[in-house]
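Student: I would like to go through this model term by term, setting each value against its definition. Could we start with the helices and then turn to the DNA?

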Protein chains: 2
Amino acid sequence: MNDKRPIRATSGTNHEGTSAHNRRVIIDALRLNGALSRADLARATRLTKQTVSNIMEELENDGLVTSRETVRRGRGQPSTPYGLVPEGAFAIGLQIDRHITRAIAVDLVGNVLIRKEANLPAGGPVTGTPVVLQLVEDVRAELKQRVAQAEKRLVGLGVAMPGPFGIDQDDAENPWMMGPWQRFPLLETLSAGTGLNVTLQNDAAACATAERMVGAAHGLDHAVCLYVGYGIGAGLILGGELYRGARSNAGEIGMALLSAGGGKTVEHSASLASLYEHLGVDPMAPDIYALIDERAAANDPDILAWIEKAAVDLRWSVHLIETVFDPQTVILCGGAPAALATRLIEAMQPLLPSNADHAGRVLPRLQLGMTDPWAVARGAAAEPIGHAFDPRFSAILKS
Amino acid sequence: MNDKRPIRATSGTNHEGTSAHNRRVIIDALRLNGALSRADLARATRLTKQTVSNIMEELENDGLVTSRETVRRGRGQPSTPYGLVPEGAFAIGLQIDRHITRAIAVDLVGNVLIRKEANLPAGGPVTGTPVVLQLVEDVRAELKQRVAQAEKRLVGLGVAMPGPFGIDQDDAENPWMMGPWQRFPLLETLSAGTGLNVTLQNDAAACATAERMVGAAHGLDHAVCLYVGYGIGAGLILGGELYRGARSNAGEIGMALLSAGGGKTVEHSASLASLYEHLGVDPMAPDIYALIDERAAANDPDILAWIEKAAVDLRWSVHLIETVFDPQTVILCGGAPAALATRLIEAMQPLLPSNADHAGRVLPRLQLGMTDPWAVARGAAAEPIGHAFDPRFSAILKS
DNA sequence: CTTTTAAGTCAATTGTCTTGACTAATTTGT
DNA sequence: ACAAATTAGTCAAGACAATTGACTTAAAAG
């Protein structure tokens, strides 16, 4: 009789949901198209001139947009374009990797204002958390000093680290596995330690977030970022939003077995970890990025040999991504040095045939995205900005 | 000066968008939980009692819900549950396959009312379209005859056929490829021929739509249907909605090469096409479904041999799906006879290790979904219903 | 210099959800 | 038996945000 099964339902919405959505739509349009007049915005968003005017006034009061020079476009009253104010919002991005952590501050339009990094001591989160918290505080302090209003316009802290999350692993001994961090209540700890909204994603997802906000995926609804870093992963932009999966582990393509037998994965042959091993260099060397970049640029034969083998598996990865996700484009990105990434893309040509091969393509099947050690941190920082300002279904719902 | 670049933006919303969303949320809650009282609905959707009352009155007037027996649940006034009226809406589903076409009529809650099928003549859409149109008209006529109000409550025609779509293929000679149909302007032709809203999806997506509406994926936000039919595919429920990809070809896992070399795909070993070839039976035999079902149920050694080989590749497919999509569960479904599907699932145990293997799972990693020749048609029919009544981002947008 | 066209504002209106007070029906406790 | 507590549901007024149509402003075209 006492029927206490929980009732499952989507949340309803109300006027505030409507209004919030329309604000986001306008901010998104300005980010995507640059400065636009109220009339342009009204046409693009299908809202009335009056509604747009009201929202623009609000946004201007909130310091998120400003007017620009009026422009004359033929007959009729000249229009006044409005553009986003970079200082309208800030976010901090944090990357936690095996032996290093990086923090970054970005503004509303994705400009990077501050970069700081620190070495992570061995010992996992117990010894690492204080270092990480201090790094975030350093960035925050400098931001506060440089922009008076920054503190109250700080929308959150985005964290990125290698996945997968929530899987029971038997890796306590291997310093290159992140298991202790992945099992640690990082969100809660950082949230308590900073008082900020904290979100967590894996490094491939972070790269995809960055590419969507300011990179090759800007304005695309369907794009996959093939992330080549210490591991391999895919960041998924599906239907205009980052897709996380049920437990934030979607896109872990580097862990996919190449076939039913064997037990090999793409990570075995195409990750930077495999490159370091192939070259016999120490992954912890502080100048490793520059070193690899130089040797790749100089067409070092050892590197070329690795590239040949890696390209085979990466070519298959692109084929798989295209077959399974049907994206508009695939973007190669991550912590690989630019020279290496460029050569990888060259070596991957010609790509394997796939459904992506059709008449009427406008975007290349594979293109180069951000390849720098800070790409993941940038993406981590982009997440809170996108969360606060991008149009999304969940943003219209109540509570 | 004449700056005519198109402006890209998401559409805004208004009061009607709000109202439409809330209606959908309520209908969805009733489908998901069965009959609920106004007070229950208000709690579940976070709307106020009054708002729910207003919407319920509207829905009752529209003939979409009716009140049920009042129930006493402890202290307080007894509540009056409201449930969906099956006759509140109807849709027709159409499956087009190599040599057969099936049409089906369903109601708002997914009951199948009418089933009809016809053989498709060789010659592709030129000779096939009249047959298909006639079949749809037959179903429509019978529906009209059985339910007086059906015609004006018919929300659309959903079509499913094998993908991929829009790819240039060189297959004119092979009667088992659907190229001519896939290149034909089917949507436009059927829309003109019936006057209905027509949508198109591939057969795996259709199965996923059916599983989500009335099957194993009911109420799940992240589920992948591994479709085993004449071909192999995956229907993707991602973030609560069917995911189609940029060109409706997402999930074509059967076309994924098993590795960079070789050129083999899962379809080569695990599709019903491969089974028919293995057994040396004619795929066009009218009783093939019953035949395979019987032989599988009797543990025919030829069938068991095929199952052993197919299970290897399907096991890998499940591993890949779990690694790449991170779903709550994987559902095996499609046109495979029940006895065969059951044995396949058994033969696939134990599954390959993957990220889906973690403490605290509630759903099985792999489960059996709909396996009957009508599953695709059911899914095709479910699409227009879902389009008309499910809460979705695009439903709140203007125009 | 009048007409046409487009940007943008003003004031009144409309549609939808919210609020707070109310009624109705049932169980619990004395 | 009866008052108190609790829950379902309604009523009527109010609040909020988008809409409408008339108006003002400013430029180009004829």
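Tutor: In chain A, helix 9 (residues 272-279) and helix 10 (residues 288-297) pack at an angle of about 75 degrees, with their axes 13 Å apart. This is a predicted model, in which local features need pLDDT of at least 70 and side-chain atom pairs count only at pLDDT 80 or more, while totals for chains, interfaces and linings use all residues. Residues are numbered from 1 along each chain as its sequence is written, chains are lettered from A and ligands numbered from 1 in the order in which they are written, and side-chain values use heavy atoms, with hydrogens and water left out.

Student: Why is helix 9 of chain A called roughly perpendicular to helix 10 of chain A?

Tutor: Angles of 65 to 115 degrees count as roughly perpendicular, those under 35 as roughly parallel, those over 145 as roughly antiparallel, and the rest as oblique. The angle here is about 75 degrees, and helix 9 of chain A is therefore roughly perpendicular to helix 10 of chain A.

Student: Which residues make helix 9 and helix 10 of chain A meet?

Tutor: A:L275, A:Y276 and A:L279 of helix 9 meet A:I288, A:I292 and A:R295 of helix 10, where contact means heavy atoms within 4.5 Å. These residues divide into five nonpolar, no polar and one charged; Ala, Val, Leu, Ile, Met, Phe, Trp, Tyr, Cys and Pro count as nonpolar, Asp, Glu, Lys and Arg as charged, and the others, Gly among them, as polar.

Student: Why are helix 4 and helix 6 of chain B called oblique to each other?

Tutor: The axes of helix 4 (residues 124-146) and helix 6 (residues 186-194) of chain B come within 11 Å and cross at roughly 45 degrees, a value that belongs to none of the named ranges, and the two helices are therefore oblique. Their contact is made by B:T129, B:V132, B:L133, B:V136, B:E137 and B:R140 of helix 4 with B:T189, B:L190, B:G193 and B:T194 of helix 6, a set that divides into four nonpolar, four polar and two charged residues.

Student: What makes a residue count as near DNA strand C, and how many surround the strand?

Tutor: A residue is near a strand if one of its heavy atoms lies within 4 Å of it. For DNA strand C, 30 residues surround the strand, and the closest are A:H15, A:Q50, A:S53, A:K398 and B:Q77. The largest share of this surface, five residues, comes from helix 1 of chain B.

Student: How do you know that A:H15 makes a polar contact with DNA strand C?

Tutor: A polar contact is a pair of N or O atoms within 3.5 Å; within protein, one must be able to donate a hydrogen and the other to accept it, and residues adjacent in sequence count only if both atoms are side-chain atoms. A polar side-chain atom of A:H15 lies 2.6 Å from a base oxygen of DNA strand C, and a side-chain N or O atom of B:N22 is 2.7 Å from a phosphate oxygen of that strand.

Student: What is the corresponding picture for DNA strand D?

Tutor: Here 30 residues surround the strand, and the closest are A:R75, A:Q77, B:Q50, B:S53 and B:K398. Helix 1 of chain A gives the most to this surface, with four residues. Among the polar contacts, a polar side-chain atom of B:R38 lies 3.0 Å from a phosphate oxygen of DNA strand D, and a backbone N or O atom of B:G76 lies 3.3 Å from a base oxygen of DNA strand D.

Key
Axes fitted to C-alpha atoms, helices over the stretch in contact; angles between N-to-C directions.
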